[in-house]
Each structure stands twice: as C-alpha cells, then as structure tokens.
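Biologist: I am new to this one. Please walk me through its side chains.

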Amino acid sequence: MAMPGLFAAGLPPGARIGQLFTSPVRRCLQTTVPLARSLGLQPTVWPDFFEVGGMYDQAADDSGGQLGGLTQAEIEREFGGYDASLVGAGIAGGWWRGGRE
C-alpha cells in the first residue's frame, strides 16, 4: 500500500511504518483514525502517553477535578479497530490512575 506523501516524507526509500501507537485521550484516538486507515494498521492504545500533569478538568481558577479517561470497553466500542488491551479490562472509571504530576 502506498503511503500518502505527508506521512512518508521523513522515511527512507522502501521503509514502511509497521506499528501505530496512540494515547488513550479521546482527541488522540480521534486524530489517529485517518492515519490508521491510510496505513492499514490497527492502532495500539498506550496508556503511558498522556499530558504532563495528568488528566484534569482544569478550570481557570485551578479548581478542576481529576478525570479518569475512557475505559477499555469505551475505547473498543467507540474505536472498534483499536487494540486497547493495555488499558486494562475491568478498570472502572477509566485508564488514568495517577494524581497530579
């Protein structure tokens, strides 16, 4: 499969992208959709890819609460072709378990 020029621009001739990893953050999962389709790859959701500082509903006055993120089941339902096995089945309340970093 030929890769679009945008994605192949930095690759040496004959090189191929063989794996695609994405953050479990919804906007990252959404951004990965067209890339995964064009490359014909199943993205792997990697829970260690997240914002510095953790996952928070950050209000201007710093009063936002901690967010849990999507659960494995939610990721698999919303992004059917993604491998979310690293997120952990049965983790209620989402993948984020850390505090403020």
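## Reading the side chains

Modeller: Start with E78, which counts as partly exposed, at 39% relative accessibility. Keep in mind that this is a predicted model.

Biologist: Which residue does the side chain of E78 meet in a salt bridge?

Modeller: The general idea goes like this. Side chains of opposite charge can pair when their charged atoms come close. Here, E78 pairs with R26, and the N to O distance is 2.8 Å. The count of salt bridges comes to one.

Biologist: Where do R26 and E78 lie?

Modeller: R26 belongs to helix 2, residues 26-39, and E78 to helix 3. The two are 52 residues apart in sequence, so their pair ties together distant stretches of it. R26 is partly exposed too, with 37% relative accessibility.

Biologist: Now the rings. How many aromatic pairs are there?

Modeller: The count is two. To read a pair, look at the ring centres and the angle between the planes; over 60 degrees counts as edge-to-face. F21 and W46 make an edge-to-face pair, with 90° between the planes and 5.4 Å from centre to centre.

Biologist: Which parts does the pair of F21 and W46 tie together?

Modeller: F21 sits in strand 1, residues 21-22. W46 is in the loop between strand 2 (44-45) and helix 3 (72-78). The pair therefore links parts that are 25 residues apart in sequence.

Biologist: And what of the rings of F79 and Y82?

Modeller: Their centres are 5.3 Å apart and their planes meet at 40°, so this pair is tilted.

Biologist: Are F79 and Y82 buried or exposed?

Modeller: Both F79 and Y82 are buried. For burial, read the relative accessible area: under 20% is buried. By contrast, F21 is partly exposed at 34%, and W46 is partly exposed at 32%.

Biologist: Which residues form a nonpolar patch on the surface?

Modeller: F21 and W46 turn up again, joined by F49 and L86. Together the four have about 360 Å² of accessible area.

Biologist: Which residues make up the largest nonpolar core?

Modeller: It has eight residues. F79 and Y82 are among them. The others are L29, V45, L70, I75, A84 and V87.

Biologist: What is F79 in contact with, leaving aside its neighbours within four places in sequence?

Modeller: F79 touches R26, L29, Q30 and V33. L29 is one of the core residues. R26 is the salt-bridge partner of E78, which brings us back to where we began.

Note on methods. Residues are numbered from 1 along each chain as its sequence is written. This is a predicted model: local features need pLDDT of at least 70, side-chain atom pairs count only at pLDDT 80 or more; totals for chains, interfaces and linings use all residues. Side-chain values use heavy atoms; hydrogens and water are left out. Rings of Phe, Tyr and Trp (its six-membered ring) pair if their centres lie within 6.5 Å; planes under 30 degrees apart count as stacked, over 60 as edge-to-face and the rest as tilted. Helices (H or I, at least four residues) and strands (E, at least two) are DSSP runs, numbered from the N terminus. Buried means under 20% relative accessible area, exposed over 50%, partly exposed in between (1.4 Å probe, protein chains only). Patches are made of residues with over 30% relative accessible area and no salt bridge: like charges are joined within 9 Å, nonpolar side chains (Val, Leu, Ile, Met, Phe, Trp, Tyr) within 5 Å. Accessible areas come from the Shrake-Rupley method with a 1.4 Å probe; for residues, only the protein chains shown count as cover. A nonpolar core is a set of buried Ala, Val, Leu, Ile, Met, Phe, Trp, Tyr and Cys residues joined through side-chain atoms within 4.5 Å. Contact means heavy atoms within 4.5 Å.
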